[in-house]
Amino acid sequence: MYNVGDKIVYPMHGAGIIESIEEKEILGNKQNYYVVKIPIGEMRVLIPTENVENIGIREIISEKDADKVFEMLGSKSKISNDSWNKRYRENMDKIKSGNIYEVVEVVNTLIQREKEKGLSTGEKKMLSSAKQILISELVLAKNMDPFEVENIIDGFLNY
């Protein structure tokens, strides 16, 4: 159970801060929901409190772990020669995992592939989404401005 003010990660959406816990009736079903504000895009999401473990909600990483993420940025990885849809599925699974280290791996791989061979439209969207997920968590873990974090990331990636 999380509390108001806790910083959490919602896989596929990014990191945010729990603003409130509210009971809502949706489709005739009353439940308690975390109301989470995600700093990137000023998005608010409702997360059923009962589904937190199934969804993969977790606390954000520590400042020390955020430093490790920054160190991982730009590291070379093996470019897969698999078909684009197999790569897409594998990368999507990594993003859905909610594991920030896997999200960094996706960003690194897609940037490297973009430089060497180009990306499909779907992979370009995925890169943008993965970067936003990464930025949202690093902003909260390091207490930094989103533009500052994005500039640091782009610098590491030689974007």
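Two strands are taken as paired if DSSP finds at least two bridges between them. In this predicted model, strand S1 (residues 7-10) and strand S2 (residues 14-26) meet that condition, since four bridges join them in the antiparallel sense, and within this pair Tyr10 stands opposite Gly14 of S2.

The wider sheet is open and holds five strands in the order S4-S3-S2-S1-S5, with antiparallel pairing. Strands S4 (43-48) and S5 (58-59) stand at the edges with a single partner strand each, so one side of each is left without a neighbour in the sheet. Strands of a sheet pair through backbone hydrogen bonds.

The two pairs for which bridges are listed can be set side by side.

| Pair | Bridges | Sense | Bridge partners |
|---|---|---|---|
| S1 and S2 | four | antiparallel | Tyr10 and Gly14 |
| S3 and S4 | six | antiparallel | Lys37 and Arg44 |

Strand S3 (residues 29-38) also forms a hairpin with S4, with four residues between them, and Gly41 in that turn has a positive phi of about 80 degrees.

Helix H5 (residues 121-142) lies across S1, S2 and S5 and runs at about 100 degrees to S2. This helix also takes part in the lining of the largest cavity, to which H5 gives the most, with three residues, while helix H4 (100-116) and H5 each supply at least two. The volume of this cavity is about 50 Å³, and its lining, which includes Val9, Arg58, Ile133, Leu134 and Glu137, is made up of eight nonpolar, two polar and two charged residues.

Technical notes
Residues are numbered from 1 along each chain as its sequence is written. This is a predicted model: local features need pLDDT of at least 70, side-chain atom pairs count only at pLDDT 80 or more; totals for chains, interfaces and linings use all residues. Side-chain values use heavy atoms; hydrogens and water are left out. Contact means heavy atoms within 4.5 Å. Axes are lines fitted to C-alpha atoms, for helices over the stretch in contact, and angles run from 0 to 180 degrees between N-to-C directions. On a 1 Å grid over the protein atoms alone, a cavity is a set of points where a 1.4 Å probe fits but cannot get out, and a pocket is an open set with protein on both sides within 12 Å along at least five of seven lines; lining residues have an atom within 4 Å of a point. Grid points are joined across faces, edges and corners, and a volume is the space filled by probe spheres set on the points. Ala, Val, Leu, Ile, Met, Phe, Trp, Tyr, Cys and Pro count as nonpolar, Asp, Glu, Lys and Arg as charged, and the others, Gly among them, as polar.
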